[in-house]
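Hi,

Here's the structure I said I'd pass on. Have a look first, and my notes follow underneath.

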Amino acid sequence: MIRRSTESAPTESPRSDSDLLPAVPLLALDRQYDVLREAIREAINRVCDSGRFVLGPDVAELEAELATALDVPHVISCASGSDALLLALMALDVGAGDEVIVPSYTFFATASAVTRLGAVPIFADIDPATYLVDPRDIERKISPKTKAIVPVHLFGRTADMDAIKPIADRAGLPIVEDAAQSILSTWHGQCSGRLGDVGCFSFYPTKNLGGAGDGGFLTTTRDDIAKALRLLRVHGMEPRYYHEVIGINSRLDSIQAAVLRVKLPHLDAWTTARQVNAARYREIFGEYDLADRVAVPGDESRGRHVWNQFVIRVLDDSRDQLRAHLAKRGVGTEIYYPVPLHLQKCFLHLGWAKGDLPETERAAEQTLALPIFPELESAEQRTVVARIAEFYNAAKLSRLQEEAPAAALPPPHFLRRAVGKADDVRC
Ligand SMILES: Cc1ncc(COP(=O)(O)O)c(C=O)c1O
């Protein structure tokens, strides 16, 4: 759960300038809503007036607008990112007895889509520098039963498609991109979602393009897959009440589409703001003697990193204490993800054990996501890093206070209202 800044701020009376630094939320959707309130309400009213609540004109328009934004011929919306993964694997005919290679360091849905179809997820380790699936481990894990490969563009950074694509091509395997966290990320100029056979995206509110509830979509350059997906998301029904295949009910509702259409024109600017925030974090971290304590994520030179998350690595075993310190000081953080999928209780029957994926397990123990949302202010970023430096007693704290006195900060929006936040920040 996201911590409300008012709840987690220190309660004792301020003793020093450091105590005056403001709380910083992990995510503040109310800041985005403040700017778009009228347009969003108007869009919702329009749908209510029309009485078209499922699929309908707004959904078709949104799909067309996304197709243009991502430069991909087919966009098929659905009810969630989790369903997008399920539908993608269904379209590729994944079923009982098949294996699908997925990273273990990802949100649960990447692997549960596989098991829901009776297939077996085969977990691959990650590259410790990027947290993205290690292509060499994918290659090692291909077997005669492998039916597909699912790289995850985690935290907004595209997986190493230069390496993964040739491996998949040599083995004759389709690639399903889990792009839930990476809308508008690119690889050599091409958007994620058009780098493999199918792309899966999420509109969950914490995503870079988040709806007012659940939602998702798929992308593909393949006409056959697009046709299958359009059928599978409506119970395999065509025409009405005639079913040639067994699909599921996974349609985007019109209110979501209408809200997302208000937001989509801002996505590029929001993404740039995230990139600016990431660069600024790197600069501020550089002002402190923290290099042997914390590893800061680097940018991607082969494409656009869209920074859904800014995830640092704590180099010793103090991650949880650091997180507790930050929470006490009102700085929101999250751990993505504390238990790797291969060690989750529900997958114990698959036979994986601790030590099987060492880099994944190390990342789960050491990583911590910091606030990176587009509306985050530079003074707030300075506060976040100052609080980390405070925990480690790192040098230069006094210089920070000179540069960013709390009194000079603009009024913190997040203290004004306690509503409008994604308070279930989970994936
Ligand atoms: C990597 C990844 N895959 C899949 C999903 C599932 O998306 P949704 O929550 O829309 O079902 C998420 C998060 O939500 C995710 O982060």
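Asp178 stands opposite Cys200, which belongs to S8. That pair sits where S5 meets strand S8 (residues 198-202): the two run parallel and are joined by 3 bridges. Before going further, bear in mind that this is a predicted model.

S5 and S8 are part of an open sheet of 4 strands, ordered S1-S9-S8-S5, with mixed pairing. At the edges you'll find strand S1 (74-78) and strand S5 (176-178), each of which pairs on one side only. Going from one strand to the next, the twist averages 20°.

Now for what packs on that sheet. H4 touches S1, S5, S8 and strand S9 (216-220), and its direction makes about 165° with that of S8. H8 also lies across the sheet strands S1, S8 and S9, and it runs at about 20° to S1.

Those two helices also meet each other. As a reminder, a pair of packed helices is described by the angle between the axes and the distance between them. For helix H4 (residues 81-91) and helix H8 (residues 223-232), the angle is about 125° and the axes are 9 Å apart. An angle between 115 and 145 degrees counts as oblique, so H4 and H8 are oblique to each other. The crossing of H4 past H8 is right-handed. On the H4 side, the contact is made by Leu87, Met90 and Ala91, while H8 brings Ile225, Ala228, Leu229 and Leu232. What kind of residues make up the contact of H4 with H8? The split is 7 nonpolar, no polar and no charged.

Next, helix H5 (residues 109-116). Its buried residues are Ala109, Thr110, Ala111, Ala113 and Val114. The cover over the buried residues of H5 includes H4, strand S2 (99-103), strand S3 (120-124) and S5, so H4 and S5 turn up here as well. Just after H5, Gly118 takes a positive phi of about 85°, in case you want to look at the backbone there.

Two of the strands covering H5, namely S2 and S3, pair with each other in the parallel sense over 5 bridges. Within that pairing, Val100 stands opposite Pro121 of S3. Is S3 enclosed or open? 4 of its 5 residues are buried, so S3 is largely enclosed by the rest of the structure.

One residue to set against all that burial is Ala64, which has its place in helix H3 (residues 56-70). Is Ala64 buried or exposed? It has 11 C-beta neighbours inside 10 Å, and a residue with 12 or fewer is exposed, so Ala64 counts as exposed. The C-alpha atoms of Ala64 and Val75 are separated by 7.2 Å, with the two residues 11 apart along the chain.

Finally, the overall numbers. The protein has 14 helices and 12 strands. Of its 427 residues, 50% are buried. Taking contacts between residues at least 6 apart in sequence, 71% join residues at least 24 apart.

That's what I have for now. Shout if anything is unclear.

Cheers

Conventions:
Residues numbered from 1 in each chain as written. Predicted model: local features only at pLDDT ≥ 70, side-chain atom pairs only at ≥ 80, totals over all residues. Axes fitted to C-alpha atoms, helices over the stretch in contact; angles between N-to-C directions. Parallel < 35°, antiparallel > 145°, perpendicular 65-115°, else oblique. Left-handed = near helix turned anticlockwise from the far one by under 90°. Contact = placed C-beta atoms within 7 Å. Nonpolar A, V, L, I, M, F, W, Y, C, P; charged D, E, K, R; others polar. Pairing = 2+ DSSP bridges. Buried ≥ 20, exposed ≤ 12 C-beta atoms within 10 Å, placed from the backbone.
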